Amino acid sequence: MFERAALVRILPFALYMFFLFISDMLGRLGYGPYALRWLYGVKIACVLTLLWLFRRDYIELARPQWRWTAVAGAVSAGIVVFLLWIWLDASWMVMGSSAGFDPRVQGRIDYPLAAVRLAGAALVVPVMEELFWRSYLMRWLDNKKFLSVNPAGVKLSTTVVTVILFGLEHNLWFAGVVAGAVYSVLYMRGRSLWSPILAHAVTNGLLGVWVLATANWTYW
């Protein structure tokens, strides 16, 4: 059904989502957050393994040519998205509930566990998600031969659909839509996937530090 170029961008994301399903099922079977605390690390390790195995297929990540303006823009965008993420939490902006991730053991933060969560969210998830949402899906919806699509030329309607779907992936769906719009604009304007990856990494990294500092575990 899918050619290799599509599969290598879909599979890491699909595996990540499959682990969310596993976690939900185990929770329904009576396993509490403490018993499942290291499942996130296993998930990230599996996703990272796929990304490494498929690394030569990700031509959009080869030899990044950074300009200081692009780096500054991506970092600034990531900071703005982080601030909006923790502010856009009105009841109508939230879909369902989230148990989040609590790295405490007997009331104290398990720092190795927290470090795994922070590293996974800031270093692995941005690469995995941007490869799927921006590089693959946004361009594929525009043209099935997505590798030939210039990000700057993607239709507005296609971008909107992708942004909405990206938002619905998150409990804070409205904040997710805003984040998806920002990352998409970075990709389309810069025509480099590294820009949204960097912005996404900054957002997730700052969010992780904020969660650890404030104990707002549901945001994790």
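Colleague: What volume does the second largest pocket have?

Modeller: This is a predicted model, in which local features need pLDDT of at least 70, side-chain atom pairs count only at pLDDT 80 or more, and totals for chains, interfaces and linings use all residues. Residues are numbered from 1 along each chain as its sequence is written, while side-chain values use heavy atoms and leave out hydrogens and water. For the second largest pocket (an open set of points on a 1 Å grid over the protein atoms alone, where a 1.4 Å probe fits, with protein on both sides within 12 Å along at least five of seven lines), the volume (space filled by probe spheres set on points joined across faces, edges and corners) is about 370 Å³.

Colleague: Which elements give two or more residues to its lining?

Modeller: The lining (residues with an atom within 4 Å of a point) has 18 residues, with Arg67, Ala70, Gly190, Ser192 and Ser195 nearest the centre of the second largest pocket. The elements (DSSP runs numbered from the N terminus: helices, H or I, of at least four residues; strands, E, of at least two) are H3 (68-87), H6 and H7.

Colleague: Which helix supplies the largest share of the lining of the largest pocket?

Modeller: The largest pocket has a volume of about 1,400 Å³ and is lined by 40 residues, with Leu20, Ser98, Gly100, Arg117 and Trp220 nearest its centre. Helices H1 (4-28), H2 (39-53), H4 (111-142), H6 (173-190) and H7 (194-214) each give at least two lining residues. The largest share, 6 residues, comes from H1.
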